[in-house]
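Biologist: Please take one part of the backbone for a close look, with attention to uncommon geometry, and then set that part in the context of the whole chain. Kindly give the cut-offs for the terms you use.

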Amino acid sequence: MKYDVVVVGAGIAGPIVARNVARAGFSVLLIDKKAAIGTPKQCAEGISIKVFEKYDIPYDKRFINREIYGAKLYSPSGYELEMRYKEVSGVILERKVFDKMLAYYAAKAGADVLARTEATDVIRKEGKIAGIKARHEGEPVEIYADVIVAADGVESTIARKAGINTYAPPHEFDSAYEYEMLIEGFDPDMIHLWFGNEIAPRGYVWVFPKDEDRANVGIGINSDNPQTAKYYLDKWLKENKIPAKKLLEINVGLVPVGGFVKELAKDNVVVVGDAARQVNPMHGGGMAEAMNAGTIASKWIVKALEEENISLLQNYTKEWWETDGKRLERVLKVRHVTEKLTDEDLDIFIQVLSGADTEKIAGGDYGEVIKALLKHPKVILSPRRTMLLTELLWP
């Protein structure tokens, strides 16, 4: 088989690249190792309403479980911070359908799509990568392409085989554990997030409603924690007297929350999405980041093919690092500081912050928020809190 581009992995970034490049008139093959694209899900399934228009994705009720109007944050001692909007701010997806539909859009644009096709290695000819080796329904196949896209997840085989350094220390990953379950007593129009060092070390517990009485209930914690994510989630459920007896699905995953890949393009191979660690380090969400990276990558793939100049792929690395990479590094800096916060600090900050402040911090635009916090009596009376916040104001 020979294509202009082969995309390995049909999560979020891969189908965006495949669709965009196919639209430009080039031959594209999108492959995924799963027999059914989109399963199993490894995601809380929440995403901003803005991504649909921004990345030209239909707002299709077939993959939208519920529209969301904001978020509620809970401190260790139970203080609440509510961000409620009059308009829909986000949705809870059905990832099993959403991912498959993204692959469908790529196929409609002209890409070929093969499920149950696992990439195992790259093909080298005369010292250069000429394609990939794969197994399609158990049978070996060789796929030749001018450009190879590694969108094959956090443990990317293709990036590693291509010689791209994707190493990150264990501390730059979160362990996630999630139940899709029946649960009552929470506003189904909001997502709910609980913070605390005893609740979810370095992370948080979430309830993302999919129905009036059904939700994704999960947790993310630092992966080098001596206890498991399941331990902390079950502990939280028990302490809140929430019975875990109506479990519809259980999902486990490893989430990169740092260690962004520096070299996003090497020769004719580009790496996108979780494979490149393109995930928000504060909340662990990576769908919007993957869409953005896929859009930038596909733009430079098209230019490289049009001008028959593979070196143009290097501009993907440059553009991503000058835009989203710079923003996510700021967010990572915030995460490193928040890891040092005590439960008392978290209580105070949730009391002091507004909803607009928390949005800015999660997005990496935290400078003015930090300056305002440093004027608050509950902050300036603590030299340690002042020092931690001041760290964020210096490069």
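Modeller: Helices (H or I, at least four residues) and strands (E, at least two residues) are DSSP runs, numbered from the N terminus. The model is predicted: local features need pLDDT of at least 70, side-chain atom pairs count only at pLDDT 80 or more, and totals for chains, interfaces and linings use all residues. Residues are numbered from 1 along each chain as its sequence is written, and side-chain values use heavy atoms, with hydrogens and water left out.

The part chosen is the loop between S2 and strand S3 (46–48), where Pro-40 is placed. The peptide bond leading from Thr-39 into Pro-40 is cis, and its omega is near -10 degrees. The loop between S2 and S3 also holds Glu-45. Glu-45 is not a glycine, yet its phi is positive, near 80 degrees. As a general rule, most residues other than glycine have a negative phi, and most peptide bonds are trans. Is Glu-45 buried or exposed? Glu-45 counts as buried because its relative accessibility is 0%; buried means under 20% relative accessible area, exposed over 50%, and partly exposed in between (1.4 Å probe, protein chains only).

A positive phi also occurs in other turns and loops. Asp-267, likewise not a glycine, has a positive phi of about 55 degrees and is placed in the loop between strand S17 (265–266) and strand S18 (269–271). Asp-267 counts as exposed because its relative accessibility is 56%. Two hairpins add further cases. Strands S9 (residues 117–125) and S10 (residues 128–136) pair antiparallel over 8 bridges, where pairing requires that DSSP finds at least two bridges between two strands. Val-122 has Ile-132 in S10 as its bridge partner. Between S9 and S10 lie 2 residues, and Glu-126 in that turn has a positive phi of about 55 degrees. S10 is in turn joined to S11 by 6 bridges, again antiparallel, with Arg-135 opposite Pro-140 in S11. The hairpin of S10 and S11 also has 2 residues between its strands, and there Glu-137 has a positive phi near 50 degrees.

Strand S2 (28–31), which borders the chosen loop on one side, is among the elements that cover the buried residues of H1, as are strand S1 (2–8), helix H3 (95–108), strand S11 (139–150) and helix H6 (287–306). Helix H1 (residues 13–23) has 10 of its 11 residues buried, including Ile-16, Val-17 and Arg-19. After H1 comes Gly-25, with a positive phi near 100 degrees.

The chain interior completes the picture. A nonpolar core is a set of buried Ala, Val, Leu, Ile, Met, Phe, Trp, Tyr and Cys residues joined through side-chain atoms within 4.5 Å. The largest has 80 residues, and Ile-57, Val-149, Ile-301 and Tyr-316 touch the most other members. H6 gives the most to this core, with 11 residues. Apart from residues up to four places away in sequence, Val-149 touches Val-5, Val-6, Val-7, Val-8, Val-17, Val-270, Val-272 and Ile-301, contact being heavy atoms within 4.5 Å. A second, separate core has 32 residues, among them Ala-176, Leu-193, Val-334 and Ile-350.
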